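Here are some exercises to help you find your way around a new structure. Try each task by yourself, then walk through the solution.

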Amino acid sequence: MDAERFHEHYRLQASWLAPSRRYLFRKAGVAGRRRILDLGCGSGVIAEELRLASGRPVLAVDRDPEMTELARRLYPGNEYLAGDERRLLRQGRRFDLVVISFVLLWQRRPLPFLKRLRGLLDEGGALLVLAEPDYGCRVDQPDGLAFLGGIFAGHIRRQGGDPCVGRRLASLLRRAGFRAQVELASFLDFPRPETNGDWEREWRFWKDLAGFSEATLRRILRREKSAIARHERMVLFPVFCALARP
Ligand SMILES: C[S@@+](CC[C@H](N)C(=O)[O-])C[C@H]1O[C@@H](n2cnc3c(N)ncnc32)[C@H](O)[C@@H]1O
């Protein structure tokens, strides 16, 4: 799937969690940080927010070069690198804030990954985990849409990730050598009729990504639209966040 479609998805995802990022940026003192790394930057949406909040370019890194290329075009004010945390460690790069957003869930081995991130921090540095979900706790209403959580979780598991990483965040951070405050970034949504258009694009994205059928897509759209119109649509979906220090 092309990088532009991922970008649309990341922008929508970022819009849901914007209030929690404002809170977390203040909490982590983003405005006073000098060397910020956004690891797993995708199309650069969060890196650009970090640049605006800190007043200086951030280093945005993604292991997918198509994403860093797109991000460079969209948000030229930042510095980009195609690679991962191992490459940064080899280069001896250090940061006073490392930020991740929807990245831990994709790691095959999240504990060594977090230990490597600890190695990227300068004296006084911190790790800001903006959003890591727990699809295992997801509840979709009405009941006819209860199967949705399984679609997301199945896709993440097939890619080697952990769709329930959110519930493990506190213990993983502690075992990786961090002192962390773990909180909920968000957990509840009642999609409104005027957001139908966004949802339709988002479901098409997931259809192509997770590979479900056109018939399933139509079923989801039909059920969701009518539930939203009746104000019966509800999503309970915990997304965890944390500020962690070594
Ligand atoms: C779900 S996307 C999130 C993008 C962005 N952080 C956001 O919230 O919009 C996860 C991204 O992390 C990247 N990624 C995963 N593990 C990585 C790693 N160890 N180093 C660099 N990038 C990684 C993937 O290539 C993907 O683009």
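A residue counts as buried if 20 or more other C-beta atoms lie within 10 Å of its own, as exposed if there are 12 or fewer, and as partly exposed in between. Keep that handy, and keep in mind that this is a predicted model.

**Exercise 1: Burial at two unusual spots**

Task: Work out whether Phe102 is buried or exposed, and do the same for His231.

Solution:
- Step 1. Find Phe102 in the loop between β4 and α6. Find His231 in the loop between α10 (214-229) and β8.
- Step 2. Count the neighbours. Phe102 has 20 C-beta neighbours inside 10 Å, and His231 has 11 other C-beta atoms within 10 Å.
- Step 3. Apply the cut-off. A residue is buried at 20 or more, so Phe102 counts as buried. The limit for exposed is 12 or fewer, so His231 is exposed.
- Step 4. Now check the backbone. Most residues other than glycine have a negative phi. Phe102 has a positive phi, near 55°, and His231 has a positive one of about 60°.

**Exercise 2: The overall build**

Task: Say how many helices and strands the protein has, and judge its compactness from the radius of gyration.

Solution:
- Step 1. Count the elements: there are 10 helices and 8 strands.
- Step 2. Compare the radius of gyration with the globule rule. The protein comes out at 18 Å, and the rule gives 18 Å for 246 residues, so the protein is as compact as a globular protein of that length.
- Step 3. Add the outline. The C-alpha trace spans about 55 × 40 × 30 Å along its principal axes.
- Step 4. Look inside. Of the 246 residues, 36% count as buried. Take the contacts with a separation of 6 or more: residues 24 or more positions apart account for 75% of them.

**Exercise 3: Following the chain between strands**

Task: For β2 and β3, and then for β4 and β5, find the sense of the pairing and the helix that the chain passes through on the way.

Solution:
- Step 1. Start with β2 (residues 59-62) and β3 (residues 79-82). These two pair in the parallel sense over 4 bridges, and Asp62 has Ala82 in β3 as its bridge partner.
- Step 2. Trace the link. From β2 the chain runs through helix α4 (residues 65-74) to β3, in a right-handed β-α-β crossover.
- Step 3. Move on to β4 (residues 95-101) and β5 (residues 121-133), which pair in the parallel sense over 6 bridges. Here Phe95 stands opposite Leu121 in β5.
- Step 4. Trace this link too. The route from β4 to β5 goes through helix α6 (residues 110-119), and the β-α-β crossover is right-handed.
- Step 5. Look at another partner of β5. Strand β8 (residues 234-245) pairs with β5 in the antiparallel sense over 5 bridges, with Leu127 opposite Ala244 in β8.

**Exercise 4: Two strand residues**

Task: Decide how buried Ile36 is and how buried Ala82 is, and list the contacts of each beyond four places in sequence.

Solution:
- Step 1. Place them. Ile36 lies in strand β1 (residues 36-39), while Ala82 is found in strand β3.
- Step 2. Use the counts. Ile36 has 24 other C-beta atoms within 10 Å, so it is buried. Ala82 has 15, so it is partly exposed.
- Step 3. List the contacts. Ile36 touches Leu50, Ser54, Val58, Phe95, Leu97 and Val99. For Ala82 the list is Asp62, Pro65 and Thr68.
- Step 4. Check one distance. Ile36 and Val58 are 22 residues apart along the chain, yet their C-alpha atoms are separated by 5.2 Å.

**Exercise 5: Around the ligand**

Task: Describe which residues surround the ligand and which elements they come from.

Solution:
- Step 1. Count the shell: 19 residues, the closest being Tyr10, Gly40, Gly42, Asp84 and Ser101.
- Step 2. Sort by class. There are 11 nonpolar, 3 polar and 5 charged residues.
- Step 3. Find contributing elements. α1 (3-16), α3 (45-54) and β2 each supply at least two residues of the shell.

**Exercise 6: An unusual peptide bond**

Task: Find which residues a cis peptide bond joins.

Solution:
- Step 1. Recall that most peptide bonds are trans.
- Step 2. Look at Gln141 and Pro142. Omega there is about 5°, and the bond is cis.
- Step 3. Place Pro142: this residue lies in the loop between β6 (139-141) and α7 (148-158).

How values were computed. Residues numbered from 1 in each chain as written. Predicted model: local features only at pLDDT ≥ 70, side-chain atom pairs only at ≥ 80, totals over all residues. Rg over C-alpha atoms; globule rule 2.2 N^0.38 Å. Contact = placed C-beta atoms within 7 Å. Pairing = 2+ DSSP bridges. Right-handed = clockwise from strand over helix to strand, strands pointing away. Near = placed C-beta within 6 Å. Nonpolar A, V, L, I, M, F, W, Y, C, P; charged D, E, K, R; others polar.
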